[in-house]
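User: Please take a close look at the largest pocket of this model, and then set it beside the other spaces and the local details that can be read from the coordinates.

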Amino acid sequence: MAFTAFRCCDKTLAMENSISILGNEILPGERRTINFNIAKLYTSTIVEIPIIVERSSRPGPVVLITAGIHGDEINGVEIVRQLIQKKINRPTKGTIICIPVLNVFGFLSMDRNFPDGRDLNRIFPGTKNGSLASRFAYQFVNEILPDIDICLDFHTGGASRFNTSQIRIDPRNKKDLILAEVFNAPFILESKIIDKSYRATCSKMNKTTLLFEGGKSEFIDRGVAKEGVQGTIRVLHHLKMLSKKVEIPTPTKPSIIITDSRWIRAKYSGMFHPHVAHGTFVEKGQVIAAITDPYGKTNYKMKVSNSGYIININESPIVYQGDAVFHISTSYKDSNTSSNEEA
Ligand SMILES: [Zn+2]
């Protein structure tokens, strides 16, 4: 290993500055890809999860960028891929660690879950001898997270539900809010931390955590990918970790902070025809969709009962009565302004 060439006192210094990933000591200035092997496929095929570590020789924050906790959420994977391809992950100070696909098992089969049927994002911090997903979470928490300062985690809406780009934060954590504002996605959603989620564990370990939601599963949306990449560049620039060669995208307008929201459900089963684009503001009483039968007889117009921003649209062409079809804000504020509430 690199530090063995150092004299004794230098070696001690180097070890103090090293970070440990799955038992591998990584020194300042090192660039390394470490493979996380948790279990083989039942064909004895080895499954490796590449962890791409880039360390500057100058001290600074340790940022972990992850995607694919849910194996079918490709848009997040695309964002991390672009960051690596554009060399944004090469810091001028501190460390950037990228894991583009956390749930490789799910990514192979386009499945949200692990092969044991568990949702990895509902099983943190995991247990040493639990299910496959639980063991994975345990190793991740104990062997990767300890040296991390800031976590950026990329997700999409599930099934056919398309999320407008948004950062989800715990409103009690001011550091999260500051970085979310720097990221400058169109929306910041104040959302409760889900028990046993990755975010819950990061929060308990006192790590600043931004969860990005954008697009839908099994789909790459170029606009959402761009917003994810640009936001990450703004955050890394804010942390003074980027080279002067990297072009910093200027924010267009401050993020809108959504302090409360609700799902609108379909009153009827049928073919679903949304009339509004995601991210738009709709007025109380506005027709936002139609639900029809397939025979040209019924045409139910869906009116919205409160004004607000549409932050998710179900893009399924067919819906059942009770399906969640729109996610709308019920209370929001612009950054640093007073709130607007709609009943
Ligand atoms: Zn997800």
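Analyst: What follows begins with the largest pocket and then turns to the other spaces, the cysteines and some single residues.

This is a predicted model, in which local features need pLDDT of at least 70 and side-chain atom pairs count only at pLDDT 80 or more, while totals for chains, interfaces and linings use all residues. Residues are numbered from 1 along each chain as its sequence is written, and side-chain values use heavy atoms, with hydrogens and water left out.

The largest pocket holds about 570 Å³ of space. Its lining has 28 residues, and those closest to the centre are Arg168, Leu189, Ser191, Ile194 and Glu213. The search runs on a 1 Å grid over the protein atoms alone: a pocket is an open set of points with protein on both sides within 12 Å along at least five of seven lines, a cavity is a set of points where a 1.4 Å probe fits but cannot get out, and lining residues have an atom within 4 Å of a point. Grid points are joined across faces, edges and corners, and a volume is the space filled by probe spheres set on the points.

Strands S7 (150-157), S8 (161-169), S9 (187-190), S10 (208-216) and S11 (256-265) each supply at least two residues of this lining, and S11 gives the most, with five residues. Strands here are DSSP runs of E with at least two residues, and helices are runs of H or I with at least four, numbered from the N terminus. Domain 1 (2-238) and domain 2 (263-336) each contribute at least three residues to the lining of the largest pocket, the bounds coming from an automatic or database domain assignment. By class, this lining has four nonpolar, 13 polar and eleven charged residues; Ala, Val, Leu, Ile, Met, Phe, Trp, Tyr, Cys and Pro count as nonpolar, Asp, Glu, Lys and Arg as charged, and the others, Gly among them, as polar.

The second largest pocket has a volume of about 290 Å³. It is lined by 20 residues, with Asn184, Ala185, Pro186, Glu227 and Thr252 nearest its centre, and helix H7 (residues 222-238) gives the most to that lining, with six residues. The classes in the lining of the second largest pocket are eight nonpolar, eight polar and four charged residues.

A search of the whole structure finds one cavity of 30 Å³ or more, and the largest cavity has a volume of about 40 Å³. Asp170, Asn173, Asp176, Ile193, Arg199, Ser203, Lys207 and Thr209 line this cavity, which by class gives one nonpolar, three polar and four charged residues.

The cysteines form zero disulfides, where a disulfide is a pair of cysteine sulfur atoms within 2.5 Å. Cysteine 98 is unpaired because its sulfur is 12 Å from the closest cysteine sulfur, in cysteine 151, too far for a bond. Cysteine 151 is likewise in no disulfide, with the nearest cysteine sulfur, that of cysteine 202, 3.7 Å away. Cysteine 98 counts as buried at 0% relative accessibility, and cysteine 151 counts as buried at 0% as well; buried means under 20% relative accessible area, exposed over 50%, and partly exposed in between (1.4 Å probe, protein chains only).

Serine 56 lies in the loop between strand S4 (48-55) and strand S5 (62-67), and is buried with a relative accessible area of 8%. The side chain of serine 56 reaches the backbone nitrogen of arginine 58 at 2.9 Å, and a polar atom of that side chain also lies 2.9 Å from the backbone oxygen of threonine 92. A polar contact is a pair of N or O atoms within 3.5 Å; within protein, one must be able to donate a hydrogen and the other to accept it, and residues adjacent in sequence count only if both atoms are side-chain atoms.

Asparagine 163 sits in strand S8 and is buried, with a relative accessible area of 4%. Asparagine 163 and glycine 279 are 116 residues apart in sequence and 8.7 Å apart in space, C-alpha to C-alpha.

Some backbone details complete the picture. Phenylalanine 124 and proline 125 are joined by a cis peptide bond, with omega about 0°, and proline 125 lies in the loop between helix H3 (104-109) and helix H4 (132-143). Lysine 196, although not a glycine, has a positive phi of about 65°; it is in the loop between S9 and helix H6 (198-204) and is partly exposed, with a relative accessible area of 47%.
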